[in-house]
Amino acid sequence: MDTQVGTTASVQNATFVRPVGFYIRGFIALQHTDYYFIFLSIIYIATLLANFLIMSIIWFADSLHTPKYFAIFSLAVVDVSYSTALIPKSIDAFLFNARFVFYDTCLTQMFFVHYFSSMESFALSVLAYDRLIAICFPLRSNTLNSNTKMVLVIIVSWAIPFIVVTIMVALIPRLSFCKSTIINSYFCDHGPVFKNTCSDYSANWFMAAFYIVVLFFLPLAFIMLSYVCIIFALLKIASAEGRRKAFKTCTSHLTLVAVFYIPLLVTYIIAWVNVTIDTDTRILNTSLSATIPPLLNPIIYTLKTEEIMEQIKKYFRNRTINTVS
């Protein structure tokens with residue numbers, strides 16, 4: 001009997017199962033989910049319009065060709081890319097009943113969604129770097145943070161997540177999926193995918209933790225440290241009006257940080273304290289926290305940034321003059 005069990009185990013261990021694809025389960029008990037994905041499609045269209053608007057303003061306004069607006073332009077590109085990697089495929093899966101995703105397509109979506117998700121975090125930290133230099137080193141900001149140096153910072157901020165996410169996704173093909181190919185998420189999510197394997201996924205678990213710490217918590221720590229330095233710099237300004245004006249330049253960025261990180265922190269804190277949340281609640285939380293910030297980012301920066309509002313007013317003034325003449 002022992003020999004037979006050993007033989008069976010060795011056959012199972014020797015069998016490597018690579019599935020044709022995966023089935024995206026999505027919501028389990030939530031009713032009328034079609035309406036939710038119609039809502040996400042509206043969010044997606046609005047996200048594209050808002051971000052292309054702010055990119056066009058920055059592109060065509062020579063006065064906005066500064067390090068700060070290079071960083072905002074980069075954030076807008078990330079917003080469009082993140083939403084495009086996530087929402088259209090989810091709409092196709094749940095509105096048009098195309099929940100089966102081929103293996104390679106699944107890994108491709110996994111890469112781009114996780115890459116641009118982490119890029120949101122890095123883009124916010126680049127904006128924190130810009131505010132840090134501008135407020136803490138006002139007299140040297142033009143030399144410390146020139147356009148060329150900001151472009152280099154942005155390139156590095158795109159490269160680091162690329163390397164980490166590439167390694168994380170590259171570890172998936174080594175896994176054998178002899179259990180289930182049903183993914184308890186609304187896209188090809190890294191965690192729900194590797195947890196379906198019958199192989200040892202300790203390396204995948206490590207990379208998932210590494211991904212969260214390095215690409216989300218470290219940028220957040222940098223942002224918090226930056227604002228500690230900014231607060232100390234503001235306290236050295238003699239007039240209250242001067243402090244208010246300097247801090248006003250940070251309010252848009254702080255709003256974006258709160259919108260992006262608070263839902264993220266809630267999700268990871270709940271997981272850390274081992275509180276079990278049902279799949280539907282988790283999908284609602286993660287999908288909203290992934291789709292709402294890319295829409296709000298350009299809106300907040302447009303409404304709360306005087307330079308961008310001035311460019312919009314200038315455009316409409318010129319259009320009115322041209323119409324009259």
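# A tour from the core outward

Start by selecting Val165, Ile172, Val193, Tyr211, Leu215 and Tyr261: these have the most contacts inside the largest nonpolar core, which has 89 residues. A nonpolar core here is a set of buried Ala, Val, Leu, Ile, Met, Phe, Trp, Tyr and Cys residues joined through side-chain atoms within 4.5 Å. Buried means under 20% relative accessible area, exposed over 50%, and partly exposed in between, with a 1.4 Å probe and protein chains only. Helix α4 gives the most to this core, with 19 residues.

The model is predicted: local features need pLDDT of at least 70 and side-chain atom pairs count only at pLDDT 80 or more, while totals for chains, interfaces and linings use all residues. Residues are numbered from 1 along each chain as its sequence is written, and side-chain values use heavy atoms, with hydrogens and water left out.

## The whole chain

Zoom out and colour by secondary structure. The protein has 11 helices and three strands. Helices (H or I, at least four residues) and strands (E, at least two) are DSSP runs, numbered from the N terminus. From that end, the order of elements is α-β-α-α-β-α-α-α-β-α-α-α-α-α. The C-alpha trace spans about 90 × 50 × 35 Å along its principal axes. Of the 325 residues, 45% count as buried. Contact means heavy atoms within 4.5 Å. Among contacts between residues at least 6 apart in sequence, 80% join residues at least 24 apart.

## The three strands

Next, select residues 21–24, which are strand β1, together with the edge strands β2 (100–102) and β3 (182–183). In what order do the three strands lie in the sheet? The order is β2-β1-β3, in an open sheet with mixed pairing. Two strands pair if DSSP finds at least two bridges between them. β2 and β3 each pair on one side only.

Show the residues on each side of β1:

- β1 and β2 are antiparallel, with three bridges. Glycine 21 stands opposite phenylalanine 102, and tyrosine 23 has phenylalanine 100 as its bridge partner in β2.
- β1 and β3 run parallel and are joined by two bridges. On this side, tyrosine 23 stands opposite isoleucine 182.

Now add helix α4, residues 103–136. α4 lies across β1, β2 and β3, at about 90° to β2. For such angles, axes are lines fitted to C-alpha atoms, for helices over the stretch in contact, and angles run from 0 to 180 degrees between N-to-C directions.

Return to valine 193, one of the core residues selected at the start. Leaving out residues up to four places away in sequence, valine 193 touches Phe22, Cys106, Met110, Ile172, Phe177, Ile183 and Cys188.

## Tyrosine 129

Stay on helix α4 and select tyrosine 129. Tyrosine 129 counts as buried because its relative accessibility is 18%. Beyond its neighbours within four places in sequence, tyrosine 129 is in contact with Leu144, Asn145, Met150, Val153 and Phe222. The C-alpha atoms of tyrosine 129 and valine 153 are separated by 9.4 Å, with their positions 24 residues apart along the chain.

## Asparagine 204

Move to helix α8, residues 202–235, and select asparagine 204. Is asparagine 204 buried or exposed? Asparagine 204 is buried, with a relative accessible area of 0%. With residues up to four places away not counted, asparagine 204 touches Leu171, Ile172, Arg174, Leu175, His190 and Phe194. A polar atom of the asparagine 204 side chain lies 3.4 Å from the backbone oxygen of leucine 171.

## Threonine 47 and the annotated spans

Select threonine 47 in helix α2, residues 33–60. Threonine 47 is also buried, at 0% relative accessible area. Which backbone oxygen does the threonine 47 side chain reach? The side chain reaches that of isoleucine 43, at 2.7 Å. Not counting residues up to four places away, threonine 47 touches Asp79, Ser83, Thr291, Pro294 and Leu295.

Finally, colour residues 35–61, 67–88, 151–172, 209–235 and 256–277, which UniProt lists as "transmembrane region" in an unreviewed entry. UniProt positions are in the numbering used here, feature names are shortened, and annotations may be inferred rather than shown by experiment. In the model, residues 35–61 are 96% helix and 0% strand, with end C-alpha atoms 39 Å apart. Residues 151–172 are 91% helix and 0% strand, and their end C-alpha atoms lie 33 Å apart.

Key. A polar contact is a pair of N or O atoms within 3.5 Å; within protein, one must be able to donate a hydrogen and the other to accept it, and residues adjacent in sequence count only if both atoms are side-chain atoms.
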